[in-house]
Amino acid sequence: MDGEQHAQVVAHTPALRATLALACNILAMEGHTDISLGHASAREPRAVVYWVKASGFGLEEVTPDDTILVDFDGKKLQGDRPAHRELPIHAEIYRRRPDVNSVVHTHPLYATALCATPRRGPERPSPDRYVVSRSNSLQV
Ligand SMILES: [Zn+2]
């Protein structure tokens, strides 16, 4: 990422960070919170960096200042908070899907409980399974 590209990404981020924080809060209200697990990210269209919820607190607590800017290699470029260890989930989706501008990974209670139950069949659902919805947002 060159300096101009980085400056462009940062210049457009206040609204994006606010929207990302609000999305995290809404996810918590909808039952996606799991103590401090779960995270969402967002990027400007086709940016090679993205903002993601930092680690160490719940989705319901996120403010714009609790988001960090990282590149696809997981290098933190802006923000004081620690990063989640699951950043490759976001990076690989962004890398492979230029049309995707937001990724959500959560551990909702009922989906997690379903995944913990014994089930017959060759394939068992996983809490770390992702689905691309028609709106191009990603959901667990
Ligand atoms: Zn997880």
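**Strand pairing and the nonpolar core**

In this predicted model, V70 stands opposite K76 in β4, where helices (H or I, at least four residues) and strands (E, at least two) are DSSP runs numbered from the N terminus. Residues are numbered from 1 along each chain as its sequence is written. Because the model is predicted, local features need pLDDT of at least 70 and side-chain atom pairs count only at pLDDT 80 or more, while totals for chains, interfaces and linings use all residues.

The protein chain holds four helices and seven strands, and from the N terminus on its elements follow the order α-α-β-β-β-β-α-β-α-β-β. Its mean pLDDT, the predictor's confidence in each residue on a scale from 0 to 100, is 83, and 76% of the residues reach 70 or more. Over residues 130-140, pLDDT stays under 50, and for this stretch the model has 20 contacts beyond four places in sequence, a contact being a pair of residues whose C-beta atoms, placed from the backbone, lie within 7 Å. Where pLDDT is low, the predicted coordinates should not be read in detail. Of the contacts in the protein chain between residues at least 6 apart in sequence, 52% join residues at least 24 apart. Buried residues account for 29% of the 140 residues in the protein chain; a residue is buried if 20 or more other C-beta atoms lie within 10 Å of its own, exposed if 12 or fewer, and partly exposed in between, with C-beta atoms placed from the backbone.

The pairing of strands, for which DSSP must find at least two bridges between them, can be followed from β3 outward. The strands β3 and β4 (residues 76-78) pair in the antiparallel sense over two bridges, and they form a hairpin with four residues between them, in whose turn G74 has a positive phi of about 85°. β3 also pairs with β2, in the antiparallel sense and over five bridges; in this pairing V49 stands opposite D71 in β3, and Y50 stands opposite V70 in β3. β2 in turn pairs with β1 in the antiparallel sense over two bridges, with A42 opposite W51 in β2. Six residues lie between the strands in the hairpin of β1 and β2, and R46 takes a positive phi near 65° there. β1 pairs with β5 as well, again in the antiparallel sense, over four bridges, and the bridge partner of A40 in β5 is V104.

Several of these strands are mostly covered. In β2, five of its five residues are buried: V49, W51 and K53 point one way from the strand, whereas Y50 and V52 point the other way. In β3, four of its five residues are buried. From β5, S102 and V104 point one way and V103 and H105 the other way, and all are buried.

The largest nonpolar core, defined as a set of buried Ala, Val, Leu, Ile, Met, Phe, Trp, Tyr and Cys residues joined through C-beta atoms within 7 Å, has 23 residues, and those with the most contacts inside it are L20, C24, Y50, W51 and V70. Two or more residues each come from α2 (13-29), β1 (39-42), β2 (49-53), β3 (67-71), α3 (87-96) and β5 (102-105), and α2 gives the most, with five residues. Not counting residues up to four places away in sequence, V70 touches V49, Y50, V52, K75, K76, L77, A83 and L87.

One of these partners, L87, belongs to α3, in which L87, H90, A91 and Y94 are buried. They lie on the same side of α3 because they cover an arc of only 95° around the axis, the arc being that of the directions from the helix axis to the C-beta atoms. An α-helix has 3.6 residues a turn, so residues three or four places apart point the same way. On the other side of α3, P88, E92 and R96 are exposed, while the buried residues of α3 pack against β1, β2, β3 and β5.

A further residue considered here is A15, which lies in helix α2. A15 counts as exposed because it has 9 C-beta neighbours inside 10 Å. The C-alpha atoms of A15 and P64 are 8.9 Å apart in space, although the two residues are 49 residues apart in sequence.

Methods:
Contact = placed C-beta atoms within 7 Å.
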